[in-house]
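The following paragraphs offer a guided reading of a protein chain, intended for a student who is new to structures of this kind. Please keep the sequence and the model in view while reading.

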Amino acid sequence: MSDFRNLGHSKLPIFSTISFTAVLLIIIFVCSFISNLSLQTVVLEAKKISLNSFHEDQPKLRWLSTKEVLFSVTEEVDEEPETEDYTHFLTPFNGSDQERIDWFKKKLPGFDIFKSTILTREFDDRVRGFLGNEKCRVKFFMTWISPVRLFGGREFLALESLFNSHPDGCLVILSRTMDSFRGHRILRPLLDCGFRAISVTPDLSFLFEDTPAQSWFDDLTRGNKDPGEIPLAQNLSNLIRLAVLYKYGGVYLDTDFVVLKDFLGLRNSIGAQSVDQDGNWTRLNNAVLVFDKNHPLLYKFMEEFASTFNGNKWGYNGPYLVSRVVERMEQGQERNFTILPPMAFYPVDWTRIAGLFARPVNRAHSKWVEAKLVQLSNASYGVHLWNKESSRLRIEEGSIIGRLVSKNCVICKQIYSS
């Protein structure tokens, strides 16, 4: 009997070890199962928010397999790869046309914006579902091809001003990098206030399909087009804004535009950047475009882009493009669009924009600031900040920009640190 008891006591540690291991394995399995469910829920909820922010008739969401969930997390949660900063994808300086083409062919696989993904394939459904909301009084579009980390306070103030003047408006930001958890966190303060905004990964093949831009895009993505020395992001943005308005209609705005007035009364309008002494426009700009769906002028702009593309001249495929197309139109032809004076969208030239960021230094300067604020409030739909020139300027308290942003913000935080 004693031998039996001793044998039992000798086996006790073995049983304890086996029991402990079994319990540990059960705990790991349960935690893994719960974690997988939670991960699946997070992805679906994120897609649900992104697809249908403030849209009452939400479409059905299909459940994703574990493999798809992990793929979605890699694609959507990891935010933007640092390499996807298209402003830094510059071709060899002073290279020949063929050298740039060869360079671009080699780099082409790294341009995620050209890749087909789950999100690109959902692009049209997401946009139509979002804009189908009856509460979308005015449809706005912006593009953001840079990394999400570069979408800062200055850009957010532009969004605030948009919704201050258009509380019933809807904003679609065409951006792969902003269509992410981090991008959603940026927009969250506006969404929590009840405003309707969404970031959507664009499907460029769909946007350019059945437009004059399709042939240019096909040549580019096959590596047969010289991208030029200008950052590709700039020229893609110039073309995307034309295509998205042609497909859906609405208002395109650059992200460095402070809105001051309701756009509801505008239709088929483009703004002059400068005029001569007789008041005739000398240059138009494409930072603000207001057009109906399928408008023929947008078609002409895309034709011009595809047939005359030059990636080596700044502005050639943007402001200069819209200017030369309109200039070539017959003088006696009845226009089906309106050219607005510079005061509408570009009340301050890019060479003088710095003056709007500085606080007044004396009484005369203060009077000028007050007079300018009255002029802008009465005559301008907004102010283009010419971010290329002003991005490094601080908004000083009491400055014209500071006063305008303070008056037209909705959350109104960190104005003077932007």
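In this predicted model, a good place to begin is strand S3, where Arg 196, Ile 198 and Val 200 point one way while Ala 197 and Ser 199 point the other way. All of these residues are buried. The strand as a whole is accordingly described as mostly covered, with 5 of its 5 residues buried.

What surrounds this strand may be considered next. Strands S2 and S3 run parallel and are joined by 5 bridges. One of the pairings can be located by residue: Ile 173 has Ser 199 in S3 as its bridge partner. Between the two strands the reader should also look for helix H7, residues 181-192, since S2, H7 and S3 make a right-handed β-α-β unit.

Within strand S3, Val 200 deserves a separate look. Its relative accessibility is 0%, and because buried means under 20% relative accessible area, Val 200 counts as buried. Which residues is Val 200 in contact with, leaving aside its neighbours within four places in sequence? The list consists of Phe 123, Arg 126, Val 127, Val 172, Ile 173, Leu 174, Ser 175 and Asp 179. A further distance may be checked in the model: the C-alpha atoms of Val 200 and Ser 180 are separated by 9.1 Å, and these residues are 20 residues apart along the chain.

Arg 196, in the same strand S3, leads to the subject of charged side chains. Side chains of opposite charge can pair when their charged atoms come close. Arg 196 forms a salt bridge with Asp 168, and the closest N and O atoms are 3.6 Å apart. Asp 168 lies in the loop between helix H6 (153-165) and S2, whereas Arg 196 lies in S3 (residues 196-200), so the salt bridge ties together parts that are 28 residues apart in sequence. The two partners may be compared in their surroundings: Arg 196 counts as buried at 6% relative accessibility, while Asp 168 counts as partly exposed at 37%.

How many salt bridges does the count give? The count comes to 15. One of them joins the side chains of Arg 100 and Asp 226, with an N to O distance of 2.8 Å. Arg 100 belongs to helix H3 (residues 97-107) and Asp 226 to the loop between helix H9 (213-221) and helix H10 (232-248), so this pair ties together parts that are 126 residues apart in sequence. Arg 100 and Asp 226 are both buried. They also take part in a network of salt bridges that links Asp 97, Arg 100, Asp 226 and Glu 229.

Another salt bridge is formed by the side chains of Asp 254 and Arg 241, at 3.4 Å from N to O. Here Asp 254 lies in the loop between strand S4 (250-253) and strand S5 (257-259), and Arg 241 lies in helix H10, 13 residues apart. Asp 254 and Arg 241 are both buried.

The discussion now turns to the cysteines. A disulfide is a covalent bond between the sulfur atoms of two cysteines. In this model the count comes to 2 disulfides. One disulfide is formed by Cys 136 and Cys 170, whose sulfur atoms are 1.8 Å apart. Cys 136 is found in the loop between helix H5 (123-131) and strand S1 (139-143), and Cys 170 in strand S2 (residues 170-174), so the pair ties together parts that are 34 residues apart in sequence. The torsion about its S-S bond is about -80°, and the disulfide of Cys 136 and Cys 170 is therefore left-handed. Cys 136 is buried, with a relative accessible area of 12%, and Cys 170 is buried at 0%.

The other disulfide joins Cys 409 to Cys 412, with an S to S distance of 1.9 Å. This link has 105° about the S-S bond and is right-handed. Cys 409 counts as buried at 8% relative accessibility, whereas Cys 412 is partly exposed, with a relative accessible area of 37%. When the bonded cysteines of the chain are numbered in sequence order, the pairing is 1-2, 3-4.

Why is Cys 193 not bonded to Cys 412, the cysteine with the closest sulfur? The two sulfur atoms are 9.8 Å apart, which is too far for a bond, because a disulfide requires sulfur atoms within 2.5 Å. Cys 193 is partly exposed, with a relative accessible area of 46%.

How values were computed
Residues numbered from 1 in each chain as written. Predicted model: local features only at pLDDT ≥ 70, side-chain atom pairs only at ≥ 80, totals over all residues. Heavy atoms only, no water. Helix = DSSP H or I, 4+ residues; strand = E, 2+ residues; numbered from the N terminus. Buried < 20%, exposed > 50% of the residue type's maximum accessible area, 1.4 Å probe, protein only. Salt bridge = Lys/Arg side-chain N within 4 Å of Asp/Glu carboxyl O. Pairing = 2+ DSSP bridges. Right-handed = clockwise from strand over helix to strand, strands pointing away. Contact = heavy atoms within 4.5 Å.
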